[in-house]
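Student: I'm new to this one. Could you take me through one part of it closely, in plain words?

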Amino acid sequence: MSAKGSATIRKYLFRDVFLSTIGASIALSVILLYANLSKHDEVLLEAMSVSPGAFIELVCLMFPYALSMGLPFGFCLAALFCVGRWSAGNEITALHSLGFPSWSWQSPVFLSAFVVSILCWLSSLVWAPIARANFDFRKKEIAWNNLGKIVRGGTELELPLGKEGGSRALEGLSAVLGGQSERAVLTVGHASADEWRNLRIILLDDRGGPLSVLHAKRADVHYDRSGGNLSLALCEVDVDRLETSQEEEFGSHTFLSFEKWKEPLAISLHPEVEGTFQPKRVPVYLWADTFEPTQPLFLPRDAWEHLNKSLALGSSPFFLSFALIPLGVLKGRRERTANLFWGVLACLIFYLLGFTFSSLIGGLGFGWWVPSLLIVLSLFYKTLKINTLWKK
């Protein structure tokens, strides 16, 4: 066969694998996207109440994260589907009869795997962290806009307290005013961008009974869009503290007045761990600006785990190609469902092995490389066995 004909066939094979990979990856990414969006249903409802554009923006910002998982598994399904179809259609036999060597028709599959692996690395370590950071920022902006609508409409805003709550300052306020409050209710008489008037905070117990009532004629409002923290500097404050006992049905009151509250009340609309390095929200090329040199191996543990997991799963298309090509030749069928079944099975085995060994080994996430190492060892054993038989 001429060189031009060989190049044409390789282009056809590469295009077939690559286009199938795009289709399978998009389908899997949409499924994973739905699963991820279900974790943020409250934020999406808030975004929908703001505008359909905000809702679509949040969905688009979550797509790169879903794509980072959909790409490697999408390639595995596409590769096994294409090789199985070539085998079932006797296309591979025809190529061999034309003098087309095995490595020549397999090279487009390995080239596609290499390209997809690079895209997986970029998606996991660059695109997805940037998108997730922007998702968090837009989430906080939408929460602030939604909060403005709530307080301007006179609707009560419930603020839970405790570990899952949104305000350590209100927990401190509860301790100062006495009692163990489970939640707080905030209402505002009149609200503008930087000032709220006639603000009232009611601290409630676990049964919904009032413990204390704080009223401020004016509160200077500052919102940190990057951290999602709302700061209220209270002025002309009146506090009505309700003291109850088992003997007294209604209890007694303690009334206090302050010209200005000593410390601003800080309310986190989306509480997160502040001041910690979050590798899933920082692209890899900015890690050097955030990690501490005193960390072991110059990176925090969670950064190593994320890095190894991203690189191992991103490299899975290339390593799995060595197993998928012979599997497709042997198990290839004309029915698409049969080829897809073997592809899904290979993906699940690879992922479960990586997850299991990562959990067993622990540490820095090096267990995610075990499936790839097993494939390399099996290839080495197979090559050694063939060379031994050839010498005999």
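Tutor: Sure, with a quick overview to start: buried residues, meaning those under 20% relative accessible area with a 1.4 Å probe and protein chains only, make up 42% of the 392 residues in the chain. This is a predicted model, where local features need pLDDT of at least 70, side-chain atom pairs count only at pLDDT 80 or more, and totals for chains, interfaces and linings use all residues. Residues are numbered from 1 along each chain as its sequence is written, and side-chain values use heavy atoms, with hydrogens and water left out.

The chain has nine helices and seven strands, taken as DSSP runs numbered from the N terminus (helices H or I, at least four residues; strands E, at least two).

Now zoom in on helix α3, residues 52-88. It packs with helix α7 (residues 301-331) at an angle of about 20 degrees, their axes 9 Å apart. That makes α3 roughly parallel to α7, a label for angles under 35 degrees. On the α3 side, the contact (heavy atoms within 4.5 Å) includes Met-69, Phe-75 and Val-83, while α7 brings residues including Leu-313, Leu-320 and Ile-325. The residues of this contact divide into 14 nonpolar, five polar and no charged; Gly counts as polar here, and Pro and Cys as nonpolar.

Helix α3 also packs with helix α2 (residues 41-50), at about 145 degrees and with axes 6 Å apart. Val-43, Leu-44, Ala-47 and Met-48 of α2 meet Pro-52, Ala-54, Phe-55 and Leu-58 of α3. By class, that contact has eight nonpolar, no polar and no charged residues.

Key:
Axes are lines fitted to C-alpha atoms, for helices over the stretch in contact, and angles run from 0 to 180 degrees between N-to-C directions. Angles under 35 degrees count as roughly parallel, over 145 as roughly antiparallel, 65 to 115 as roughly perpendicular and the rest as oblique. Buried means under 20% relative accessible area, exposed over 50%, partly exposed in between (1.4 Å probe, protein chains only).
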